[in-house]
Amino acid sequence: MDSGLSMIKRLGLLWVAAVLLLVLLAHGRRAEYLPIEALTASAWAVLLGMGAFLAGRLVSWGHARSAVVLLGVAALVACDVAVVVDSALIYDVAGYWTLNDGAGLPYSYAALWYPASLLPSSVGIFGVDQTAITAGDFEWQAEHIVPVAVVLTIASAVFIAPVVRALFGGRLASPELPAA
């Protein structure tokens with residue numbers, strides 16, 4: 001139980017840091033974005049926390065390597081969902097911004113927004129051109145998606161690194177996760 005509490009505290013601290021960095025980096029310290037970024041970071045933290053809980057169960061059953069893979073997948077899914085939540089809240093719920101020519105957000109490509117934001121605009125993803133993924137609005141990707149993607153990717157890595165280190169011979173980061 002103590003290790004679970006430790007994990008929750010660590011994720012909570014990262015949540016606070018993520019919210020502040022999202023407001024500072026993605027929106028230039030504008031207070032009206034604070035609730036949006038708090039919801040964005042909450043979606044990320046809940047999904048990553050669920051992945052960490054399930055990974056802990058895998059470790060207790062003797063599947064340390066599978067736990068690491070699960071943590072990586074959970075981090076990617078959490079970041080991807082958070083990027084979609086952030087854009088949906090800013091564009092469709094709050095109405096602070098619109099895409100070029102009033103186009104709607106391309107939700108049919110929502111699962112690709114996160115990976116596309118981390119790659120050059122000339123690189124397609126799974127055969128889909130980034131012009132389709134971004135509805136032709138690369139400014140939206142650069143100003144809103146990339147800062148969210150980068151902050152949450154780094155926060156995910158900071159959360160996962162001690163666990164991976166503990167599982168593969170480093171110092172013990174959590175009593176629940178013995179070295180494999």
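Author: Helices here are DSSP runs of at least four residues, numbered from the N terminus. By that count F126 sits in the loop between α4 and α5 (130-133). The model is predicted.

Reader: What is the secondary structure of the chain, and in which order do the elements run from the N terminus?

Author: The chain comes to 6 helices and 0 strands. From the N terminus on, the order is α-α-α-α-α-α.

Reader: How should the radius of gyration of the chain be read?

Author: Set it against the value for a compact globule. With 180 residues such a globule would have a radius of gyration near 16 Å, and the chain has 17 Å, which agrees. The extents add to this: along its principal axes, the C-alpha trace spans about 55 × 40 × 20 Å.

Reader: What share of the residues is buried, and what share of the contacts joins residues at least 24 apart?

Author: A residue is buried when its relative accessible area is under 20%. Buried residues make up 43% of the 180 in the chain. For contacts between residues at least 6 apart in sequence, 63% join residues at least 24 apart.

Reader: What does the accessible surface come to?

Author: The figure for the chain is about 9000 Å², and carbon and sulfur atoms account for 69% of it.

Reader: How many charged side chains are there, positive and negative, and how far apart do the centres of the two sets lie?

Author: There are 8 positive and 12 negative side chains, with the centres of the two sets 21 Å apart.

Reader: Which side chains meet in a salt bridge?

Author: The criterion is a side-chain nitrogen of Lys or Arg within 4 Å of a carboxyl oxygen of Asp or Glu. The structure holds 1 salt bridge, in which the side chains of R30 and E32 meet at 2.8 Å, N to O. E32 is partly exposed, because its relative accessible area is 31%, and R30, at 37%, is partly exposed as well.

Reader: Which residue between α3 and α4 should I look at for its backbone?

Author: Look at D101, in the loop between α3 (64-93) and α4 (110-117). D101 is not a glycine, yet its phi is positive, about 60 degrees. Its relative accessibility is 84%, so D101 counts as exposed.

Reader: Back to F126: what is its phi, and is F126 buried or exposed?

Author: F126 has a positive phi of about 50 degrees, although it is not a glycine. Exposed means over 50% relative accessible area; F126 has 77% and therefore counts as exposed.

Conventions. Residues numbered from 1 in each chain as written. Predicted model: local features only at pLDDT ≥ 70, side-chain atom pairs only at ≥ 80, totals over all residues. Heavy atoms only, no water. Helix = DSSP H or I, 4+ residues; strand = E, 2+ residues; numbered from the N terminus. Rg over C-alpha atoms; globule rule 2.2 N^0.38 Å. Buried < 20%, exposed > 50% of the residue type's maximum accessible area, 1.4 Å probe, protein only. Contact = heavy atoms within 4.5 Å. Areas by Shrake-Rupley, 256 points an atom, 1.4 Å probe, with all protein chains shown as cover. Lys, Arg positive; Asp, Glu negative; His and termini not counted. Charge placed at Lys NZ, Arg CZ, Asp CG, Glu CD.
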